[in-house]
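Please study the sequence and the structure shown below before attempting the exercises. Each task is followed by a worked solution.

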Amino acid sequence: MVLSPVIGKLLQKRVVLASASPRRREILSHAGLRFEVVPSRFKEKLDKASFPTPYAYAIETAKQKALEVARRMHQKDLRAPDVVIGADTIVTIGGLILEKPVDKQDAYRMLSRLNGKEHSVFTGVAIVHCCTTDAQLDLEVSEFHEETTVKFSELSEELLWEYIDSGEPMDKAGGYGIQALGGMLVEHVRGDFLNVVGFPLNHFCKKLVELYSLPRREDLRRVKHDSIPPVDTFENLSDVEGSGSDPAQGDDGGGHGRAEADGDRTQAPAGPQGTDSHGTGESPPPFPAGLLELIDGFKASKALFVACKLNVFDVLKVDGPLKAVDIAGKIDASVCGTERLLDVCVALGLLEKTDRGYRNTELADVHLASDGEYSLHSLAMHSNDHFWSLFTDLELAVREGASAAFGRKAEEPVQSKHKTLQFMRAMHGFAMLTARQVATAFDLSQFTSACDLGGCTGALARALTQEYPRLKVTVFDLPEVIEHVTCFQPEGRRTDRISFMPGDFFKDDLPEADLYILSRILHEWPDDKVCELLSRVSSRCKPGGGILVAEKILEDKPAARGSLPASLNLLVRTQGRERGLPEYRGLLERHGFRDVRLAHAGDRLDVMLGTRASPP
Ligand SMILES: O=c1[nH]cc([C@@H]2O[C@H](COP(=O)(O)OP(=O)(O)OP(=O)(O)O)[C@@H](O)[C@H]2O)c(=O)[nH]1
């Protein structure tokens, strides 16, 4: 199996991953596959007892997930993608099928069952090939499964609960994530590790080779519009180099380059011995799809920012679907420019194009229109108006280091009401998405009062009071921030257990509390300011009281993609920096906090909880 030709078979096709799983997305994009993500709406409720084996159940679920997406896209667009990939991961032990836990108790039941024993993880995969003829959708399904055996160590109740309280089990089959904290529970693995994580990449690649070289008809099942596809269109799939544009050319590829590329493609591909069409004996390197995506990444961000700034998503949320000409009229822009922007948004998965015009995807409705509870519209605007220009100085910041760059182009003090509100809205959008995970990363029910330092709009305070009925929270922030907090308090959900107090945590007396919270504060500051702040908190906190710090912890292993730009952000913007766990732990211990524990709160934040020791 030569890597490049395998994934390369799909590069000229429009591929959709019918899955909301971030792990599947990561595995496939790391393999160099280019695809769109359209999570399936198929409800995983098939009758397990009606399947002869657990893997038959996983395969059928995977297939139904993929078919639902293929049909939905065809219905909307009258044009389905070329290939839709669906997957379903289950854990089996003693004849029982375990899926994702529904709550902490369910996670506990699952993990207790797996404790000290060996179990199987099955992932069923369906590769659906779509072909539209005369608006009629033909579907061909190829499917397979992979099994991996995993053995858990003997684990204490305390450890199980600590793991459950980390929040990690909730979206994972069997209630654990082998790729993260859950790896600590595992004694050994037999088989494909990535299969446990959610996608059997090795078997998938073998399947592609099989499908695109020598189609084995017995592997294919006929599916009509609602079930089995016709086999006779399968010839279209055996990728006899041809249709579709060459992604390597990108949108800047001129006619000359394209002709050359096409010329290459009509030659015989690399043979089993690795001889290429030029007879040089070398295969071309794997297609660097991920790299090209990175190179173009700034264009995608800017298109998103501009669409937000022109209120495209707001207009479509209220009036969509609309034709480009009508949208252009509403946003006061040229028709040709609007049309191009809209098509880019479609390619980015933010809009859908139907015969009635453009409309928001669910993602855009929820996160990019400016009015939703979980809107990131202001975060996009803040990034456009503020970070974009700061990042143009990244080279300078890297050459000279944070302090030098900071002196030259420091973050402007928040001046106007407009800027303060934009900043607050940006912070609020992110906090609304992460607050619950931060609030539940540890059991905080022993605390009755908390002070959220720099707590801004009170999004975390609200999640805390919802989670802990006895807890009262004081949000402490600068007067110009507190002045505007009323705009962010949801009607009908106000509580007198949250109060807002204006003040500067470097200068003013801190409110009294059992628990002090610093969520995304410390990374903004250099070491001397962090020490000054921690020492103020430490002298206010009573022995036995707590400190909760939420930050993205720098790890030795390669950072998660989402957290990478954060440390550069700080370099161009402030004198602060991201820190690793030993460094945070050292800082907290130096300021009188002991028993510092770590829990993950989703992909973007980690949470540390420490206890104030009695002064010696
Ligand atoms: O060790 C790990 N085991 C499992 C996972 C993740 O668990 C889920 C399995 O759930 P499912 O197959 O139903 O997939 P969903 O997440 O619901 O997404 P779909 O939209 O595809 O249904 C899967 O995300 C695994 O990645 C893990 O992370 N580690």
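The exercises below concern a predicted model, and they treat the ligand surroundings and a surface patch.

**Exercise 1.** Determine how many residues surround the ligand and how they divide by class.

*Solution.* Step 1: the ligand is surrounded by 21 residues. The closest are Ser19, Arg24, Lys65, Lys100 and Val197. Step 2: sorted by class, this shell holds eight charged, seven nonpolar and six polar residues.

**Exercise 2.** Identify the distances from oxygen atoms of the ligand to polar atoms of Asp88, Asp171 and Ala173, and state how much of the ligand the protein buries.

*Solution.* Step 1: for Asp88, a side-chain N or O atom is 3.3 Å from an oxygen atom of the ligand. Step 2: for Asp171, a polar backbone atom is 3.5 Å from a ligand oxygen. Step 3: for Ala173, a backbone N or O atom lies 3.0 Å from an oxygen atom of the ligand. Step 4: the ligand taken alone exposes 580 Å², and the protein buries 94% of that area. Step 5: helix H2 (22-30), strand E3 (83-93) and helix H6 (193-197) each give two or more residues to the shell. Strand E3 gives the most, with three residues.

**Exercise 3.** Decide whether Leu294 is buried or exposed, and place this residue in its surroundings.

*Solution.* Step 1: Leu294 is found in helix H9, residues 289-295. Step 2: the relative accessible area of Leu294 is 54%. Step 3: the cut-off for exposed is over 50%, so Leu294 is exposed. Step 4: together with Leu291, Leu292 and Ile295, Leu294 makes a nonpolar surface patch of about 370 Å².

Conventions. Residues are numbered from 1 along each chain as its sequence is written. This is a predicted model: local features need pLDDT of at least 70, side-chain atom pairs count only at pLDDT 80 or more; totals for chains, interfaces and linings use all residues. Side-chain values use heavy atoms; hydrogens and water are left out. A residue is near a molecule or strand if one of its heavy atoms lies within 4 Å of it. A polar contact is a pair of N or O atoms within 3.5 Å; within protein, one must be able to donate a hydrogen and the other to accept it, and residues adjacent in sequence count only if both atoms are side-chain atoms. Accessible areas come from the Shrake-Rupley method with a 1.4 Å probe; for residues, only the protein chains shown count as cover. Helices (H or I, at least four residues) and strands (E, at least two) are DSSP runs, numbered from the N terminus. Ala, Val, Leu, Ile, Met, Phe, Trp, Tyr, Cys and Pro count as nonpolar, Asp, Glu, Lys and Arg as charged, and the others, Gly among them, as polar. Patches are made of residues with over 30% relative accessible area and no salt bridge: like charges are joined within 9 Å, nonpolar side chains (Val, Leu, Ile, Met, Phe, Trp, Tyr) within 5 Å. A salt bridge is a side-chain nitrogen of Lys or Arg within 4 Å of a carboxyl oxygen of Asp or Glu. Buried means under 20% relative accessible area, exposed over 50%, partly exposed in between (1.4 Å probe, protein chains only).
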